[in-house]
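I opened this entry to keep track of what I looked up, beginning with the cysteines and then turning to the core and the contact between the chains.

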Amino acid sequence: MDICFTSTCLRVFSPNGSDEMEELINGLVACLSLVNLVACFSGVFLGTIVGVLPGLGPAATMALCLPLTLSFSPATGIIVLAGIWFGAMYGGSTTSILMNLPGEAASVITCIDGYQLGRKGRAGAALAIVAVGSFVAGTIGIIGLQIFAPILGTVALYFGPAEYLSIVVVAFVLLSNLATESVRRSSIMLGLGLWLSSIGISPMDGVTRFTFGLTDMTLGISFVPIVMGLLGVAEILNISMETYIEPVLTKVRFKELYPNKEEMRRSIGPIVRGSFLGFFMGLIPSCGFISTFISYSLEMRLSKTPKAFGTGMVEGIAGPESANNSSVMGAMIPFLTLGLAFSAPSAILLAALRMHDVEPGPLLFLNNSDVFWTFVAAMYVGNIMLLILNLPLVGFFARIALVKPKILIPIVCTLCLVGSYAVRNSFFDVWVMIISGVIGYFFRKWKYPPIPLVIGMILGPITENNFRKSLKIFRDDWFQFFDRPLAVIFLSIALAVIAYKIFVYLKGRSAPSGVNDF
Amino acid sequence: MTRKDFNGEVILKWVLFILGVYIIAGALKLGVGTIGEPGPGCFPLIGGAVILISDIFLLLEGRRDTERLFRSRNELKIFIIMAFAFSLWIIAMPLLGYVIITFLGTASISKVLKLEGWLKPLLLGVGTTLFIYLLFGYLFYIDLPKGFLS
């Protein structure tokens with residue numbers, strides 16, 4: 001490819017976006033290096049396997065691979081990790097359709113109509129629609145990322161501590177109130193995450209906090225073993241104790257992977273709607289996951305035959321799976337542009353970039369724009385790879401789901417143990433992983449969600465930093481805070497959500513009956 | 001498959017209560033500073049307060065139906081063995097090295113999970129050890145303890 005010629009042409013035809021196009025082309029050239037191509041393929045391939053396997057989710061797998069990515073450049077590292085995340089969204093639908101077994105939590109909704117389509121002999125068509133829908137949604141998501149991220153990154157240069165603090169507060173409030181069953185339990189986990197993040201040396205004072213006199217604790221508790229423990233080891237312990245029931249696999253031949261014209265026509269609208277819905281919901285803290293449910297509800301409302309949902313409606317899989325995939329890209333925007341992660345996978349990406357001494361946020365576009373554009377280009381390439389992988393190899397991936405836990409669990413256990421050691425070559429981290437895994441098992445059984453703890457831990461330092469700075473800045477005149485309109489808006493949103501929750505709680509208490517878990 | 005689990009979650013709630021109190025006490029000892037000049041204990045105080053206040057609401061909630069931690073003795077046995085195996089892995093690794101401990105650990109865990117025969121666990125142990133060596137030691141040059149083999 002002649003870069004000079006292409007970029008010159010682009011300047012003529014798109015003068016305003018020519019710099020970005022040039023950067024994207026440079027990113028594409030960097031992405032097409034052998035190392036990055038192999039990294040991209042490895043990530044999406046592993047991610048698809050992880051998506052197919054129930055239990056070990058993308059976050060735990062990304063945490064496991066994090067120490068390995070440190071050997072590479074920052075761009076290569078996040079390509080692998082993001083590939084795992086993206087691939088898992090593709091893979092989760094395979095077992096949903098073929099076995100009525102969601103590989104990922106986000107693919108639960110696909111089981112409803114996907115499996116029924118399989119029972120009607122249309123599993124191949126369903127898989128093809130999901131793959132194509134995921135590809136389209138992924139492309140729309142990446143385009144959205146490419147357009148919005150640099151803009152938001154530029155705007156974020158004007159953000160001060162007050163804005164960052166208020167965004168984080170909104171994220172915490174939404175996380176506790178929207179994405180989980182119990183506000184109280186989520187709040188406890190969030191508080192635990194914030195406390196754990198403060199262990200070690202205080203960055204602003206140099207004082208040691210809650211180290212219990214242990215030298216290892218002085219460096220703080222590493223985020224990666226905690227994630228591996230809570231999301232990986234706890235899940236392994238849970239699966240070890242479950243009685244294994246071999247799933248029945250619906251067989252699909254390659255030549256059956258064709259939806260008919262009617263199915264394609266019906267899936268176009270849901271794919272487009274799901275793509276945009278998922279992308280914008282991915283931007284909102286903790287809402288990426290629920291985008292699939294909202295998409296399903298939306299398609300049901302728009303359908304002329306809503307009662308047919310649940311019996312094998314193409315719209316019931318096309319929309320949610322598209323939302324699922326594009327929400328991944330939406331969720332990347334806050335993490336890349338603001339340095340704030342609102343989900344476990346993006347928290348790991350954030351940790352990965354920091355370990356590479358690349359600080360995500362507005363300065364990413366000034367100091368390390370090559371990392372961003374290589375990453376964007378790799379996502380385009382990865383999206384194509386996933387489409388190619390997921391159709392002809394669907395039988396192979398489905399068979400992976402048939403691997404018995406008694407074979408898989410010992411391998412995953414060993415990987416977790418070695419992986420957590422490899423983060424800092426420290427046995428202390430392995431102990432942290434095991435203890436958090438055991439405690440995580442108890443939390444899981446008693447419905448204490450682990451994600452708020454993970455988010456609290458990764459956002460804790462930035463929250464404290466901005467909190468203390470804000471207090472210092474506004475100590476002389478608190479009314480100056482109202483000169484920061486964005487901060488006021490975000491905090492108002494947080495207060496509104498809290499007020500609404502209190503209102504619902506009080507209304508529930510005064511009603512004769514009703515479920516009310518505040 | 002639920003029953004009132006008094007001994008389980010209530011204990012956790014009280015542990016969280018004590019933890020919340022401990023964190024707040026520790027934060028106050030560190031010094032929370034003033035509103036204009038927050039000290040090192042200020043942020044942990046917030047974390048501790050969130051835990052304590054939310055936990056008080058949970059304690060006031062009282063009992064609720066919860067899933068049993070272990071539905072049978074066999075589950076409890078597996079849990080204890082797995083936790084013990086993990087701990088033993090860490091303790092024995094510096095002495096035996098990752099090669100031997102990975103082989104033994106993988107084979108043992110697969111037997112605990114009732115993988116049939118002895119050949120399969122042994123092959124699984126060998127395969128996993130080789131995979132770990134290739135991935136961590138050979139491809140990524142991550143230095144793993146070799147124990148007496150070093």
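**Cysteines.** I note at the outset that I am working from a predicted model. I first looked at Cys31(A), which is buried, its relative accessible area being 0%. I then asked which cysteine sulfur lies closest to that of Cys31(A). The closest one belongs to Cys40(A), at 5.9 Å, and this is too far for a bond, because a disulfide needs the two sulfur atoms within 2.5 Å. I repeated the look-up for Cys65(A), which also counts as buried, with 10% relative accessibility. For the sulfur of Cys65(A), the closest cysteine sulfur is in Cys416(A), and the 10 Å between them is again too far for a bond. A search over all chains of the whole structure agrees with what I found at these sites, since the number of disulfides it returns is zero.

**Nonpolar core.** I next looked up the largest nonpolar core and found that it has 170 residues. Those with the most contacts inside this core are Leu145(A), Leu192(A), Phe223(A) and Met332(A), together with Phe136(B) from the other chain. The element that gives the most to this core is helix α5 of chain A, residues 74–99, with 14 residues. I also recorded another core lying apart from this one, made of five residues, including Val170(A), Leu174(A), Ala494(A) and Val497(A).

I took Leu145(A) as an example and set aside its neighbours within four places in sequence. Among the residues then in contact with Leu145(A) are Met329(A), Met332(A), Ile333(A) and Leu336(A), and also Phe279(A), Phe372(A) and Phe375(A).

**Between chain B and chain A.** How many residues of each chain are in contact with the other? I found 68 residues of chain B in contact with 64 residues of chain A. The area buried between the two chains is about 6,000 Å², and carbon and sulfur atoms give 78% of this area. On the side of chain B, the residues that lose the most area to chain A are Phe43(B), Phe86(B) and Ile90(B), which together make up 13% of what that side buries.

I then turned to the polar part of the interface, where I count six salt bridges between the chains. One that I checked pairs Glu116(B) with Lys406(A), their closest N and O atoms being 2.9 Å apart. The rule for polar contacts finds 11 residue pairs across the interface, with both residues at pLDDT 80 or more. The element that gives the most to the side of chain B touching chain A is α3(B), with 16 residues.

Conventions. Residues are numbered from 1 along each chain as its sequence is written. Chains are lettered from A and ligands numbered from 1 in the order in which they are written. This is a predicted model: local features need pLDDT of at least 70, side-chain atom pairs count only at pLDDT 80 or more; totals for chains, interfaces and linings use all residues. Side-chain values use heavy atoms; hydrogens and water are left out. Buried means under 20% relative accessible area, exposed over 50%, partly exposed in between (1.4 Å probe, protein chains only). A nonpolar core is a set of buried Ala, Val, Leu, Ile, Met, Phe, Trp, Tyr and Cys residues joined through side-chain atoms within 4.5 Å. Helices (H or I, at least four residues) and strands (E, at least two) are DSSP runs, numbered from the N terminus. Contact means heavy atoms within 4.5 Å. Buried area is the accessible area (1.4 Å probe) that two parts lose on being put together, summed over both. A salt bridge is a side-chain nitrogen of Lys or Arg within 4 Å of a carboxyl oxygen of Asp or Glu. A polar contact is a pair of N or O atoms within 3.5 Å; within protein, one must be able to donate a hydrogen and the other to accept it, and residues adjacent in sequence count only if both atoms are side-chain atoms.
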